[in-house]
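Student: I should like to learn how to read side-chain contacts in a protein model. May we go through them together?

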Amino acid sequence: MRLTKLILILMLFFNGLMAQNTSVKSLFCYGDIVPAQVTGFDYVVLESAWFTSEEVLFLKKENKNVLAYISLGEVSETAAFYATISSETLGKNTIWDSHVLDIEAKKTQEVLLQEIEKIVVNKRFDGLFIDNIDNYTIYGPTPQKKEALISFLKALKTLYPELKVMQNAGLEVLEETHHFIDAVAVESIASNYDFDKNNYRLRDKKTFKSRLNLVKSNAKAYQLPIIAIEYANSTVLKTKIEKRLKTSKLSLFIGQIDLQKIPNWYFK
């Protein structure tokens, strides 16, 4: 009888955990959107240039955490501060037509902190979505700059101790970065966009399981919310992705690869 009762309690506990994790709602969009469309999300990630401080305040009232996109690994030529640090860059990412940042360079650090001040102080975002952290892993172009990244994150936490920070990718450096962040986003666990063929597709099962196990082990090790960002251009593929990740306990967002608009299925 006691064993049956214990099993029932454990089932309720783990079902509660699953419900808690999967109930997290996130939205990622880098285009110009109507703030009134965005309500009831736990995490909203936006491109700050599109929004006034008044619009950000509205978004904060309607959602839990409103974060602004900033890359700590690369800069686009269209960025307002690109000309200031173009001579400090270390190479080019041809897929996104962006340039690799040297976060160890003093000028780069100064410019990034100026941009962050605009986001946090002037626009009043809750925090940051820091992109291209995988650049500082063995799979990126600047693994030798990892310590400079950690120093920058530490300084950022000192300047803005209440700042909410979501790291994108870079699980390989999470042991060092987890002290300074509040959540992690991981792209393309179940899906795998082909940039050469402009093709949306599922990953093969072996790679999918390997990536999912890696994400789960990191979630357990560092006790951080992990949001899966997946890519689809049809409701058919969207449904297949959802089916693959149904039992993963991960928060899930599914959009198109450029993240320039809110997918239609979020309005249904």
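Tutor: We shall discuss aromatic pairs, a surface patch and salt bridges in turn. This is a predicted model, in which local features need pLDDT of at least 70, side-chain atom pairs count only at pLDDT 80 or more, and totals for chains, interfaces and linings use all residues. Residues are numbered from 1 along each chain as its sequence is written, and side-chain values use heavy atoms, with hydrogens and water left out.

Student: How many aromatic pairs does a search of the whole structure find?

Tutor: A pair of aromatic rings is described by the distance of the centres and the angle of the planes. Rings of Phe, Tyr and Trp (its six-membered ring) pair if their centres lie within 6.5 Å; planes under 30 degrees apart are stacked, over 60 edge-to-face, and the rest tilted. The search finds eight such pairs. One of them joins Trp-96 and Phe-195, with 5.5 Å from centre to centre and 80° between the planes, and is edge-to-face.

Student: Why does the pair of Trp-96 and Phe-195 tie together parts that are apart in sequence?

Tutor: Helices (H or I, at least four residues) and strands (E, at least two) are DSSP runs, numbered from the N terminus. Trp-96 lies in the loop between strand S5 (92-93) and strand S6 (98-100), and Phe-195 in the loop between strand S9 (183-187) and helix H7 (205-222), so the pair ties together parts 99 residues apart in sequence. The rings of Tyr-193 and Phe-195 also pair: their centres are 4.9 Å apart and their planes at 85°, so this pair is edge-to-face.

Student: Are Tyr-193 and Phe-195 buried or exposed?

Tutor: Buried means under 20% relative accessible area, exposed over 50%, and partly exposed in between (1.4 Å probe, protein chains only). Tyr-193 is buried at 11%, whereas Phe-195 is partly exposed at 38%.

Student: Which salt bridge does Asp-102 form?

Tutor: A salt bridge is a side-chain nitrogen of Lys or Arg within 4 Å of a carboxyl oxygen of Asp or Glu. The structure holds ten of them. Asp-102 forms one with Lys-145, the closest N and O atoms being 3.1 Å apart. This pair links distant parts of the chain, 43 residues apart. Asp-102 is buried, at 11% relative accessible area, and Lys-145 is buried at 12%.

Student: What is the distance between the closest N and O atoms of Glu-104 and Lys-145?

Tutor: In that salt bridge, the closest N and O atoms are 2.8 Å apart. Glu-104 is partly exposed, with a relative accessible area of 48%.
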